[in-house]
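Here is a short tour of one helix pair and one side chain. Have the coordinates open in your viewer as you read along.

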Amino acid sequence: MRRLSGGGKLTPPAGAYEVFRGFIGGTLGILLVASLAMWSGTPWIIAPFGATCVLLFALPGSPLAQPRNVVFGHLVSALSGLVFINLIGDSTISMALSVGCAIAAMQVLRITHAPAGANPLVIFMAGIHNWDFLIAPVLIGAVTLVVVALVLNNLRSGDKYPSYWIGSCPTKPSTVEQRKAQGG
């Protein structure tokens, strides 16, 4: 029972700037993707993009909000859904396996993006079989949201987004770096 008791502390409240950035980012990101969809006549928006906006504009320092995770996480997850629906068929087990495989693939490839885990569900629930879904809405929408995040998350001089790009990833500090950090 002790494992379920929690015990951690609530995160500190967001400051006015962060709340404003979240509001503007979510509004502009979705407005831009939806407007591009109306202009092109191609649906470029999917529900998981709303959750992507939460990470991009409320938690931009999170590993889940980095460009490689957003773009490739959405692509890999949607690919999993399309592979399963097209090769195995539209069934509950196929849908469940596609979500599980999407999660595993994102973990192995180090591109975990939680909202992307919903992409196979979107594919199955909408009955999408067309491979073009990978381009529009998935790739175009994800890249558009990242571009908005690159602008909004770097407006202040002290801001730095992204934390890393394609080939970089956080590493553990060496023993020497740990000693220096501890003042030794």
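Which backbone oxygen lies 3.0 Å from a polar atom of the side chain of Asn-69? In this predicted model, that oxygen belongs to Thr-112.

Let's stay with Asn-69 for a moment. This residue is found in helix α3, which covers residues 67-87. Its relative accessibility is 4%, and because buried means under 20%, Asn-69 counts as buried. Leaving aside residues up to four places away in sequence, Asn-69 touches Pro-63, Leu-64, His-74, Arg-110, Ile-111, Thr-112, His-113 and Tyr-164. Two distances involving Asn-69 are handy to check in your viewer:

| Atoms at Asn-69 | Partner | Distance |
|---|---|---|
| Polar atom of the Asn-69 side chain | Backbone oxygen of Thr-112 | 3.0 Å |
| C-alpha of Asn-69 | C-alpha of Leu-109 | 9.4 Å |

Along the chain, Asn-69 and Leu-109 are 40 residues apart.

Now for the helix pair. Helix α2 (residues 48-58) packs with helix α6 (residues 135-152) at an angle of about 25°, and their axes are 10 Å apart. Angles under 35 degrees count as roughly parallel, and α2 and α6 are therefore roughly parallel to each other. The crossing of α2 past α6 is right-handed.

Which residues make this contact? From α2 come Phe-49, Thr-52, Cys-53, Leu-56 and Phe-57, and they meet Pro-137, Val-138, Gly-141, Ala-142, Leu-145, Val-146, Val-148, Ala-149 and Leu-152 of α6. Sorted by character, the residues of this contact between α2 and α6 comprise 12 nonpolar, two polar and no charged.

Definitions and conventions: Residues numbered from 1 in each chain as written. Predicted model: local features only at pLDDT ≥ 70, side-chain atom pairs only at ≥ 80, totals over all residues. Heavy atoms only, no water. Axes fitted to C-alpha atoms, helices over the stretch in contact; angles between N-to-C directions. Helix = DSSP H or I, 4+ residues; strand = E, 2+ residues; numbered from the N terminus. Parallel < 35°, antiparallel > 145°, perpendicular 65-115°, else oblique. Left-handed = near helix turned anticlockwise from the far one by under 90°. Contact = heavy atoms within 4.5 Å. Nonpolar A, V, L, I, M, F, W, Y, C, P; charged D, E, K, R; others polar. Buried < 20%, exposed > 50% of the residue type's maximum accessible area, 1.4 Å probe, protein only. Polar contact = N/O pair within 3.5 Å; in protein donor to acceptor, adjacent residues only side chain to side chain.
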